[in-house]
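Let's take a friendly tour of this entry, starting with the ligands and moving on to the fold. Have the viewer ready as you read.

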Amino acid sequence: MLADIRSQTADELEAQFRAWGQPAYRVAQLLEWLYVHRAANWETMSNLPKALRDDLRSRYSLSALVLIRKLGARDTTQKFLWRLTDHSLIESVLIPASPALYGEASDRHTLCVSTQVGCAYGCKFCASGLAGWKRNLSVEEIVGQALAVERWNQDQSEVQCPKSKVQSQEAGAESQEPESGVRNQASRIPRHGSPDPQPSTFSSQARLVSNLVIMGMGEPLANYDHLLKALKILNAPWGGGIGARKITISTSGLVPQIRRLADEPIQFRLAISLHGATDTIRNQIMPINRKYPLRELTAACEYYQQKRGRMITLEYVLIAGVNDGLDQIKPLAAIARRLKAKVNLIPYNRVEGLPWERPSEASQEAFLKALEKQKANATLRREKGGDIDAACGQLRLRTERVLAES
Ligand code: SAH
Ligand code: SF4
């Protein structure tokens with residue numbers, strides 16, 4: 001099977017182009033087609049010589065995700081259901097700007113990305129694991145979610161504003177013209193990702209997604225190598241151009257991988273799906289806790305926090321009568337203080353077929369107040385998108401059920 005072009009870093013492409021005897025500026029031209037124009041086929045790449053395009057076609061695939069459903073209106077939370085080449089379904093959720101839920105405040109959008117088809121970890125309250133685990137996503141399938149959303153947005157603006165289509169075509173035509181201009185641009189391409197790459201290389205004005213949360217379907221750290229390579233591409237100034245501080249990886253608590261992540265050169269933000277502050281509660285709802293109990297998990301988080309010197313977020317989904325008891329407050333506040341972490345309280349989103357409920361607003365508020373009284377830094381998320389099956393895994397599950405019935 002051919003490697004996909006969107007799974008390749010600039011260094012890898014440069015090595016291949018060198019082997020083909022192609023000058024380095026051709027790599028910059030190719031990257032611009034992939035990550036600025038989000039080209040869907042080789043033919044569009046009109047400033048690359050035909051012989052090079054033929055070489056590329058025989059060496060790499062150029063796949064794209066197929067949008068099969070989208071829920072939610074513009075300016076609200078929108079959910080995308082994608083079909084992959086093997087017909088598996090995955091989801092991404094686009095969340096409009098809200099004040100600094102994860103990372104820094106943004107005037108643009110956060111994209112919630114999936115990393116696996118299904119999930120093997122079987123948390124009792126979660127829709128993603130209900131149909132089990134099917135496979136890891138490839139690098140290009142992770143990168144492709146961000147690109148496909150950008151492409152969808154670009155197509156939308158062109159439909160809504162035909163004038164901008166003309167302008168963008170003109171811009172495309174311009175970039176096809178002088179090779180010298182592109183060559184200059186190639187020499188300006190920063191080589192490595194950074195916490196906040198400057199959008200100077202390519203115009204990022206048209207970009208919609210400014211933040212990523214790796215919180216869609218699947219356990220990201222169980223697909224470690226593909227995830228890290230995809231994030232390297234999405235972070236790189238020649239690729240997605242999204243700063244590492246604007247990328248948050250969420251895990252249910254894979255201890256060895258949390259330690260490994262702490263030792264990586266690129267510093268991503270980390271969110272831990274805690275959902276219980278004692279082993280008794282956590283064992284009831286998250287099977288992973290039997291393998292890596294709280295003592296080991298908090299030690300790994302402490303290592304991450306000390307090594308990275310940065311704040312961890314503790315996700316705590318409030319489920320009525322399960323983990324919303326005030327007995328959780330003291331141990332939860334103690335973990336948060338020790339890890340210098342922020343607690344993000346999330347009211348549970350109902351999942352069809354599961355018995356769990358979200359607590360009343362009054363109990364949610366009481367839980368928050370009690371935590372604050374224990375000097376924990378905490379926020380209560382007012383869920384966006386609960387009404388469109390935005391909780392992870394739900395849209396896919398429902399669609400697969402409908403497809404199976406039809
Ligand atoms: N597997 C990773 C990332 C995906 S889940 C993890 O568990 O962290 C993303 C977040 O959504 C997790 O915190 C998860 O516990 C939470 N979640 C799952 N089902 C939910 C539901 N029905 N309502 C609210 N949050 C949910
Ligand atoms: Fe998997 Fe995360 Fe859902 Fe648990 S909460 S089943 S780890 S996706």
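How many Å separate a nitrogen atom of ligand 1 from an N or O atom in the side chain of Glu219? In this predicted model, the distance is 3.3 Å. Two other side chains also make polar contacts with ligand 1, through oxygen atoms of the ligand, as the table shows.

| Side chain | Atom of ligand 1 | Distance |
|---|---|---|
| Glu219 | nitrogen | 3.3 Å |
| Ser250 | oxygen | 2.6 Å |
| His275 | oxygen | 2.5 Å |

On its own, ligand 1 would expose 540 Å², and the protein buries 92% of that. Its shell holds 19 residues, with Gly218, Ser250, Ser273, His275 and Asn349 the closest. By type, that shell splits into nine nonpolar, eight polar and two charged residues. Strands S10 (247-251) and S12 (312-318) each contribute at least two of them.

Now to ligand 2. Around it sit Cys119, Tyr121, Gly122, Cys123, Cys126, Ser128, Gly218, Glu219 and Ser252. Four of these residues are nonpolar, four polar and one charged.

On to the fold. An open sheet of 10 strands with mixed pairing runs in the order S3-S4-S5-S6-S9-S10-S11-S12-S13-S14. Its edges are S3 (66-71) and S14 (377-380), each paired on one side only, and the twist from one strand to the next averages 25 degrees. Within the sheet, S4 (78-83) and S5 (89-96) are antiparallel, joined by six bridges; Lys79 has Val93 in S5 as its bridge partner.

Helices pack here too: H13 (361-373) touches S12, S13 (342-347) and S14, at about 170 degrees to S14. Helix H11 (294-308) lies across S11 (269-273) and S12, at about 165 degrees to S11.

Methods:
Residues numbered from 1 in each chain as written. Chains lettered and ligands numbered in written order. Predicted model: local features only at pLDDT ≥ 70, side-chain atom pairs only at ≥ 80, totals over all residues. Heavy atoms only, no water. Near = heavy atom within 4 Å. Nonpolar A, V, L, I, M, F, W, Y, C, P; charged D, E, K, R; others polar. Polar contact = N/O pair within 3.5 Å; in protein donor to acceptor, adjacent residues only side chain to side chain. Areas by Shrake-Rupley, 256 points an atom, 1.4 Å probe, with all protein chains shown as cover. Helix = DSSP H or I, 4+ residues; strand = E, 2+ residues; numbered from the N terminus. Pairing = 2+ DSSP bridges. Axes fitted to C-alpha atoms, helices over the stretch in contact; angles between N-to-C directions. Contact = heavy atoms within 4.5 Å.
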